[in-house]
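Work through the exercises below with the structure open beside the text. Each task is followed by a solution in steps.

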Amino acid sequence: MPGDLPTPSRVLLVDPYLARDDPMERKFVELYPSLGVLTLAGYLREHGVDVRVVDLTFARDTRPVSKALAQFHPHLVGVHTKTLTLDRALAVAQLARASGAYAVAGGPDAATRPAVYLADAFDAVGLGEGEQTLVELAETVAAGRDPAGTAGLAVRRGDRTVRGPVRPFLKSLDDLPLPAWDLIDLERYLSEWERATGERRMAVLTSRGCPFDCAWCSKPTFGRSYRQQSVERVVAELRALQQRYRVDYVRFCDDVFGIQRSWLEDLLDRMLDEKLNLKFECLARVELLKPDLLARMRRAGLERVYVGVESGSQRMLDTMNRGTKLAQVERASTALRKEGIRQFWFLMLGYPGETLEDIAATLRLFRQYSPEEYSVSIAVPVPGTRFYEAVKDRLRHGGRSTKASDAGRALLYEAVYPEALYRWTQARFGLEASLSKARGKIALPVLKGIEDAADAIDRRIVTPILLGKNAEPPVT
Ligand code: B12
Ligand code: SF4
């Protein structure tokens, strides 16, 4: 366990995400600061490190990084990484090293493919939970020692990646300080939200990790581990957000919120007892969304739930190792509607083994339950997942979207059907969503007529054209 630092160390943390470069973000208006970066900053500060944060979310380019490097002269620059921000992360590392700082990457993408980050930009990559590793690295770098061999860190030696021992997870998440909200322009996020929705929204995390094992899910940082903060600690964070920043809407960002029912019930009771009056949303698995629980969650302020429905075919759910049943989807969706809680469905097309009949089943499910919001993406094989391993010999575009705007819209491996078929199907979901919104405004027989016509055009004309000579596709 790292102790207080003998040498005053200056660390600059950078989130290279730039919202204006991400059309997905503009579409869904979901801007939250990285909780990873804010928690790392809080932890470093608590351990005596002089820490600053550059959050590029609202910036035009990387100039704020250059400015901070010139003014703050950090020993160490730590860059948070996601796949979409690879190029900018590398550019930030080059700026850092040119200023004489040691550059370390961490976060989901760098942890998945450290060699890419170490190739010519970064000095090191943090491989898992970053708090203790960064404190130790800050101390080592400021003292001018060689960080090779630090637990949880990979460095490059010649053309080899040398990994230190595995860093054990923090024993208790309650030991983490509150995120260092004061080190970024949090008011900018809150006022953007206020303008868009009338609510001052902020993200909160109550757990780390997920014990489930969906075959396409990338969990480079926490794997299948799972730790939950105490209700007490969560309430303290909610109260601080409310009192310091007038936050009135919280997005719980846990991979799966409220896995332990007794914990969740305690939290709901405390939120009501303390009269927090917060509205909230969360991401959950369908089997956890039991009708009686949803009624309690609604009373405590639940407004919207993100549900990973993924497919309307039980065979596909099993192939994805999703661990859910269609009957659970149906029960959860009905209960959410009854309670007046908005549902946002995540759906996926193009997972290996999916047939036209499976796609049709997904569309039927969508039509039947008409979620208020949805996202239907073409399956992305993320390195490090079983899905990726299964298709890595038939990747297209190197397995990466060529443009940020293609994320979830490009077919990144040679699937059974052509990309155009999946894109056409995405458009069909768009039509379904519009028809569903028109319910109540247009007579039902007219709506039914449009649905039938769309089905017929799809089956008789568009799909055969898109499939070309594979008009009778193999059932895999
Ligand atoms: C909440 C969340 C969001 C929120 C908030 C995003 C944000 N600003 O961070 C919203 C909904 C806005 C969002 C959007 C997106 N997200 Co998101 N999101 C998550 C989620 C569920 C939790 C993130 C989180 O808070 N984790 C908890 C913190 C504590 O963990 P952490 O960030 O990994 O940080 C720890 C370590 O990684 C490490 N670490 C992190 N940074 C650094 C830096 C250094 C130097 C070191 C040493 C260590 C280190 O230490 C930290 C503390 O231990 C994750 C899944 C997950 N479980 O992580 C996906 C996830 C991060 N998101 C993902 C993606 C793809 C996106 C989008 C690109 C989606 C899109 N638009 O298409 C956008 C990007 C937006 C953005 N601002 O970056 C992917 C990233 C995959 C990848 N390899 O890039 C993930 C992993 C989900 C997945 N499995 O696919 N997301
Ligand atoms: S998709 Fe969700 S439930 Fe499945 S393993 Fe990933 S985080 Fe867990």
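## Exercise 1: strand β1 and its sheet

Strands β1 and β3 run parallel and are joined by four bridges. The model is a predicted one.

**Task.** Place β1 in its sheet and name residues that stand opposite Val11 and Leu13.

**Solution.**

Step 1. Start with the neighbour β3: here Leu13 stands opposite Gly78.

Step 2. Turn to the other pairing. Six bridges link β1, residues 10-15, with β2, and the sense is parallel. Across this pairing Val11 stands opposite Val51, and Leu13 has Val53 as its bridge partner.

Step 3. Read off the whole sheet. Its seven strands follow the order β2-β1-β3-β4-β5-β6-β7; the sheet is open and the pairing is mixed. β2 (50-55) and β7 (160-163) are the edge strands, each with pairing on one side only. From one strand to the next, the twist averages 25 degrees.

Step 4. Consider burial. β1 is largely enclosed by the rest of the structure, because five of its six residues are buried. For this count, a residue is buried if 20 or more other C-beta atoms lie within 10 Å of its own.

Step 5. Add the helix. α4, residues 86-98, lies across β1, β3 (76-80) and β4 (102-106). Relative to β4, α4 runs at about 160 degrees.

## Exercise 2: two domains

**Task.** State which elements supply the side of domain 1 that touches domain 2.

**Solution.**

Step 1. Fix the bounds. The domain assignment gives domain 1 as 10-163 and domain 2 as 173-434. Their C-alpha centres are 26 Å apart.

Step 2. Count the contacts: 27 residues of domain 1 are in contact with 26 residues of domain 2.

Step 3. List the elements on the domain 1 side. α1, α2, β2 and α5 each supply at least two residues. With eight residues, α2 gives the most.

Step 4. Sort that side by class. It has 15 nonpolar, four polar and eight charged residues.

## Exercise 3: the shell around ligand 1

**Task.** Which element supplies the largest share of the shell around ligand 1?

**Solution.**

Step 1. There are 40 residues around ligand 1, and those that come nearest are Gly36, Gly78, Gly106, Gly126 and Gly130. Gly78 has already appeared, in β3 opposite Leu13.

Step 2. At least two residues of the shell come from each of α1 (23-28), α2 (35-46), β3, β4, α5 (108-112) and α7 (131-142).

Step 3. The answer is α2, with five residues. Recall that α2 also gives the most to the side of domain 1 that touches domain 2.

Step 4. Check the domains. Domain 1 and domain 2 each provide at least three residues of this shell.

Step 5. By class, the shell holds 18 nonpolar, 14 polar and eight charged residues.

## Exercise 4: the shell around ligand 2

**Task.** Name the residues around ligand 2 and sort them by class.

**Solution.**

Step 1. The residues are Cys210, Phe212, Asp213, Cys214, Cys217, Asp255, Val256, Arg285 and Gly308.

Step 2. Five are nonpolar, one is polar and three are charged.

Methods. Residues are numbered from 1 along each chain as its sequence is written. Chains are lettered from A and ligands numbered from 1 in the order in which they are written. This is a predicted model: local features need pLDDT of at least 70, side-chain atom pairs count only at pLDDT 80 or more; totals for chains, interfaces and linings use all residues. Two strands pair if DSSP finds at least two bridges between them. Axes are lines fitted to C-alpha atoms, for helices over the stretch in contact, and angles run from 0 to 180 degrees between N-to-C directions. Two residues are in contact if their C-beta atoms, placed from the backbone, lie within 7 Å. A residue is near a molecule or strand if its C-beta atom, placed from the backbone, lies within 6 Å of it. Ala, Val, Leu, Ile, Met, Phe, Trp, Tyr, Cys and Pro count as nonpolar, Asp, Glu, Lys and Arg as charged, and the others, Gly among them, as polar. Domain bounds come from an automatic or database domain assignment. A residue is buried if 20 or more other C-beta atoms lie within 10 Å of its own, exposed if 12 or fewer, and partly exposed in between; C-beta atoms are placed from the backbone.
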